[in-house]
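Hi,

Here is the structure I promised to pass on. Have a look at it first, then read on for what turned up.

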Amino acid sequence: MAELPYMQFYPTDWLADTRMLTASAKGVWIDCLAALWNAPERGFLKMPERAWGRLWGVESERIPDLLDELGIVAEIQKDGNAVTIASRRMIKEEVERERSRNSKKAKERQIWAYRELVSRLFPAL
């Protein structure tokens, strides 16, 4: 993920998307976004519930309420003690970047194949 060491932040979207969250949940969500950006699979991360609490710096009894509240802005999936949090926007943007990368690679392969064909047909060029 070194090619993207920073993430774009859209203040207008942040204000609109987090308007319904409490101040605590907003702080937790920005920590989540930073963790999701640096996750092995950008955009979603699965960790034990207690690990999320440690990341957020909250007591374990507050974690369930914060997870419920984050459901407004994120995809939350609970699987036993593990919790997966995903950012819809981050995943969407990552898919778009991957498509763009693949498109550029395909274009480069076409150009390479064309040059190779031309060099075989016209070796003197």
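Let's start with a question: which strands does helix 4 lie across, and at about what angle does helix 4 run to strand 2? Helix 4 lies across strand 2 and strand 3, and its direction is at about 140 degrees to that of strand 2. Before you go further, keep in mind that this is a predicted model.

Now the sheet itself. It is an open sheet with three strands in the order 1-3-2, and the pairing is antiparallel. Strand 1 and strand 2 (75-79) are at the edges with a single partner strand each, so one side of each has no neighbour in the sheet. From one strand to the next, the twist averages 15 degrees. In case the term is new: strands of a sheet pair through backbone hydrogen bonds, and they can do so in a parallel or an antiparallel way. Here, strand 1 and strand 3 are joined in the antiparallel sense over five bridges. If you want a spot to click on, find Lys-46, which stands opposite Thr-84 in strand 3.

Helix 4 is not alone on the sheet: helix 3 lies across strand 1 and strand 3, at about 105 degrees to strand 1.

Next, the core. The largest nonpolar core has 27 residues, and Trp-29, Cys-32, Trp-52, Trp-56, Leu-70 and Ile-85 are those with the most contacts inside it. At least two residues each come from helix 2 (23-37), strand 1 (44-48), helix 3 (49-56), helix 4 (63-70) and strand 3 (82-86). Helix 2 gives the largest share, eight residues.

Then the aromatic rings. A search of the whole structure turns up two aromatic pairs. One is Phe-9 with Trp-14: the ring centres are 5.8 Å apart and the planes are at 45 degrees, so this pair is tilted. Phe-9 is partly exposed, with 44% relative accessible area, while Trp-14 counts as buried at 17%. The other is Trp-52 with Trp-56, with centres 5.9 Å apart and planes at 35 degrees, so that pair is tilted too. Both of these Trp residues are buried, and they sit in helix 3, four residues apart, about one turn of the helix. You met Trp-52 and Trp-56 above, among the residues with the most contacts inside the core.

One last thing to look at: Arg-42 lies over the face of Trp-37, at 3.8 Å from the ring centre.

Have fun exploring!

Terms used. Residues are numbered from 1 along each chain as its sequence is written. This is a predicted model: local features need pLDDT of at least 70, side-chain atom pairs count only at pLDDT 80 or more; totals for chains, interfaces and linings use all residues. Side-chain values use heavy atoms; hydrogens and water are left out. A nonpolar core is a set of buried Ala, Val, Leu, Ile, Met, Phe, Trp, Tyr and Cys residues joined through side-chain atoms within 4.5 Å. Buried means under 20% relative accessible area, exposed over 50%, partly exposed in between (1.4 Å probe, protein chains only). Rings of Phe, Tyr and Trp (its six-membered ring) pair if their centres lie within 6.5 Å; planes under 30 degrees apart count as stacked, over 60 as edge-to-face and the rest as tilted. A charge sits over a ring if NZ of Lys or CZ of Arg is within 6 Å of the ring centre and within 35 degrees of the ring normal. Two strands pair if DSSP finds at least two bridges between them. Axes are lines fitted to C-alpha atoms, for helices over the stretch in contact, and angles run from 0 to 180 degrees between N-to-C directions. Contact means heavy atoms within 4.5 Å.
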